[in-house]
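Please open the structure in your viewer and keep the selection tool at hand. The stops below say what to select next and what is there.

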Amino acid sequence: MQKSILQAAILSISLVTMGASPLQAQTQVSLVQAKCVSSGLGTFRQVPLDVAISKAVYTSPFYLGAGTVSAAVTCKIRNDDDRPLFQTLRLGVGMRDNNPNSPPVTVNFYVDGDKTETKTISPGNKELLALDVSKATNVTLEAVCSSQSTYCDRVYFFNTILEPLVATTPPK
């Protein structure tokens, strides 16, 4: 509970600092600092964990466990004042190396309810993505097991970075 309060305080400070003027936002923010809630049948857990994916170690701040169905998390990344704060969500997703018998998991990425990307993740595989969130209020990450009878291993997310809007200079 204290961790959640601390994360909320950090997000509030980040959003207030960046919210003064979206063009002045210069700081990257982790997606886990946003208000995120489970929005699927399976498991969403915010537990920092070091995992081996594709023969490399990554620190994952959260995972989705689809089981034999699906799991999802939805994160609100914009203040209520309707001013965009972020340009890009960069993240990695993968499945641990140590469960080679797991069926693949389909990971769907949504921006304000519209599916923008789909990746199929198998044990030991990772994908890196950059999603345009410049007009987004919410992002959803959904993991869907490819089997209804065999348990799918968890998918782990890493490098979950929201990049600030970049100031552009209008042509003269």
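Select Arg-96, which is partly exposed with a relative accessible area of 22%. Here buried means under 20% relative accessible area, exposed over 50%, and partly exposed in between (1.4 Å probe, protein chains only). Add Asp-153, which counts as buried because its relative accessibility is 5%. The side chains of Arg-96 and Asp-153 meet in a salt bridge, 3.4 Å from N to O. A salt bridge is a side-chain nitrogen of Lys or Arg within 4 Å of a carboxyl oxygen of Asp or Glu. Arg-96 sits in the loop between E8 and E9 and Asp-153 in the loop between E12 and E13, so the pair ties together parts that are 57 residues apart in sequence. Strands (E, at least two residues) and helices (H or I, at least four) are DSSP runs, numbered from the N terminus.

Before going further, note that this is a predicted model, in which local features need pLDDT of at least 70, side-chain atom pairs count only at pLDDT 80 or more, and totals for chains, interfaces and linings use all residues. Residues are numbered from 1 along each chain as its sequence is written, and side-chain values use heavy atoms, with hydrogens and water left out.

**More salt bridges**

How many salt bridges does the count come to by this rule? The count is four. For another of them, select Arg-90 and Glu-163, whose closest N and O atoms are 2.8 Å apart. Arg-90 is in strand E8 and Glu-163 in strand E13, so far as sequence goes 73 residues apart, and the pair links distant parts of the chain. Arg-90 counts as partly exposed at 39% relative accessibility, whereas Glu-163 is buried, with a relative accessible area of 19%.

Now select Lys-119 and Glu-127, whose side chains form a salt bridge at 3.9 Å, N to O. Lys-119 counts as partly exposed at 22% relative accessibility, and Glu-127 counts as partly exposed at 28%. Add Glu-117 to the selection: salt bridges that share partners join Glu-117, Lys-119 and Glu-127 into one network.

**The disulfides**

A disulfide is a covalent bond between the sulfur atoms of two cysteines. In this model a pair of cysteine sulfur atoms within 2.5 Å is taken as a disulfide, and the structure holds two.

Select Cys-36 and Cys-75, which are joined with an S to S distance of 2.1 Å. Cys-36 lies in strand E2 (residues 35-38) and Cys-75 in strand E7, so this disulfide ties together parts that are 39 residues apart in sequence. Both Cys-36 and Cys-75 are buried. The torsion about their S-S bond is about 115 degrees, so the disulfide is right-handed.

Next select Cys-145 and Cys-152, joined at 2.0 Å from S to S. The torsion about the S-S bond of Cys-145 and Cys-152 is about 75 degrees, so this disulfide is right-handed. Cys-145 is buried, with a relative accessible area of 9%, and Cys-152 counts as buried at 0%. With the bonded cysteines of the protein numbered in sequence order, the pairing reads 1-2, 3-4.

**The nonpolar cores**

A nonpolar core is a set of buried Ala, Val, Leu, Ile, Met, Phe, Trp, Tyr and Cys residues joined through side-chain atoms within 4.5 Å. Which residues touch the most other members of the largest core? Select Val-133, Val-155 and Phe-157: of the 36 residues in this core, these touch the most other members. Strands that each supply at least two residues of the core include E6 (62-65), E8 (86-94), E11 (126-132) and E13 (155-164).

Keep Val-133 and show its contacts (heavy atoms within 4.5 Å). Leaving aside residues up to four places away in sequence, Val-133 touches Ile-77, Phe-86, Gln-87, Thr-88, Leu-89, Val-111, Val-139 and Leu-162. Then select Val-51, Tyr-58, Tyr-63 and Phe-158, which are among the six residues of a second, separate core.

**Two backbone angles**

Most residues other than glycine have a negative phi. Select Lys-55, which is not a glycine but has a positive phi of about 65 degrees. Lys-55 lies in the loop between strand E4 (49-53) and strand E5 (56-60), and counts as exposed at 76% relative accessibility.

Finally select Asp-112, in the loop between E9 and strand E10 (114-121). Asp-112 has a positive phi of about 50 degrees, although it is not a glycine. Asp-112 is partly exposed, with a relative accessible area of 38%.
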